[in-house]
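Below is a short note on the model, arranged as numbered points. Please read it with the structure open beside it.

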Amino acid sequence: MSEYEKVPRGKTLLEVLEEKHKLPVTIFKYTICAPCLKPLSRTFRPSVVLQAARDNWRLPALFFCPLCKTCAAKYHRGGRNKSTVVNAFWEFIEKEAAQ
Ligand SMILES: [Zn+2]
């Protein structure tokens, strides 16, 4: 888990990235649930939106991924349920980044 960095209190991940890179940050917002790939309707209000940023890319990028109800429930349950969702989310991000 050493590759994860904590965002300081009172700051957003976007602010941290912008300060670090001095470059405009590309923002990706998804309309599917990243862990299970379920399409989400425009009116869906997610209770959890996972954010990811990677530092080792040429351009700083920020990913906003809303979770569907099922994945959000697992996420809230914590423990192994939460890590399954988070790991699937990272796999999704890695694939997106590889394109
Ligand atoms: Zn889902």
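1. Burial is a neighbour count: a residue is buried if 20 or more other C-beta atoms lie within 10 Å of its own, exposed if 12 or fewer, and partly exposed in between, with C-beta atoms placed from the backbone. By that count Thr-84 is partly exposed, because 14 other C-beta atoms lie within 10 Å. Thr-84 is found in helix 3. Its C-alpha is 15 Å from that of Cys-65, at a sequence separation of 19 residues.

2. On conventions: this is a predicted model, in which local features need pLDDT of at least 70, side-chain atom pairs count only at pLDDT 80 or more, and totals for chains, interfaces and linings use all residues. Residues are numbered from 1 along each chain as its sequence is written. Helices (H or I, at least four residues) and strands (E, at least two) are DSSP runs, numbered from the N terminus.

3. The sheet comes next. Three strands form an open sheet in the order 1-3-2, with mixed pairing; two strands pair if DSSP finds at least two bridges between them. Strand 1 (26-29) and strand 2 (49-54) each have a single partner strand and stand at the edges, so one side of each is left without a neighbour in the sheet. From one strand to the next the twist averages 15 degrees, where axes are lines fitted to C-alpha atoms (for helices, over the stretch in contact) and angles run from 0 to 180 degrees between N-to-C directions.

4. Which strands run parallel, and which pair in the antiparallel sense? Strand 1 and strand 3 run parallel and are joined by four bridges. Strand 2 pairs with strand 3 (residues 61-66) in the antiparallel sense, over six bridges. In the parallel pair, Ile-27 stands opposite Leu-62 of strand 3. In the antiparallel pair, Arg-54 has Ala-61 as its bridge partner, and Val-49 stands opposite Pro-66.

5. Ala-52 lies in strand 2. Ala-52 counts as buried because 21 other C-beta atoms lie within 10 Å. Leaving aside neighbours within four places in sequence, Ala-52 is in contact with Phe-63 and Ile-93; two residues are in contact if their C-beta atoms, placed from the backbone, lie within 7 Å. Ala-52 and Leu-62 are 5.8 Å apart, C-alpha to C-alpha, with their positions 10 residues apart in sequence.

6. The largest nonpolar core has 16 residues, of which Ala-34, Leu-50, Leu-67, Cys-71 and Phe-89 touch the most other members. A nonpolar core here is a set of buried Ala, Val, Leu, Ile, Met, Phe, Trp, Tyr and Cys residues joined through C-beta atoms within 7 Å. Two or more residues are given to this core by each of strand 2, strand 3, helix 2 (69-77) and helix 3 (79-98). Helix 3 provides the largest share, four residues.

7. Two of these core residues can be followed individually. Phe-89 lies in helix 3 and counts as buried, because it has 22 C-beta neighbours inside 10 Å. Beyond its neighbours within four places in sequence, Phe-89 is in contact with Ala-34, Pro-35, Leu-50 and Cys-65. With the same neighbours left aside, Cys-71 is in contact with Cys-33, Pro-35, Cys-36 and Val-85.

8. How do helix 2 and helix 3 pack, and at what angle? The angle is about 130 degrees, and the axes are 6 Å apart. That makes helix 2 oblique to helix 3, because angles under 35 degrees count as roughly parallel, over 145 as roughly antiparallel, 65 to 115 as roughly perpendicular and the rest as oblique. The contact involves Cys-71, Lys-74, Tyr-75 and Arg-77 of helix 2, and Gly-79, Asn-81, Lys-82, Thr-84 and Val-85 of helix 3.

9. One backbone angle should be listed. Leu-37 has a phi near 65 degrees, a positive value in a residue other than glycine. Most residues other than glycine have a negative phi. Leu-37 is placed in the loop between strand 1 and strand 2, and counts as exposed because it has 11 C-beta neighbours inside 10 Å. Leu-37 and Phe-89 are 52 residues apart in sequence and 9.6 Å apart in space, C-alpha to C-alpha.
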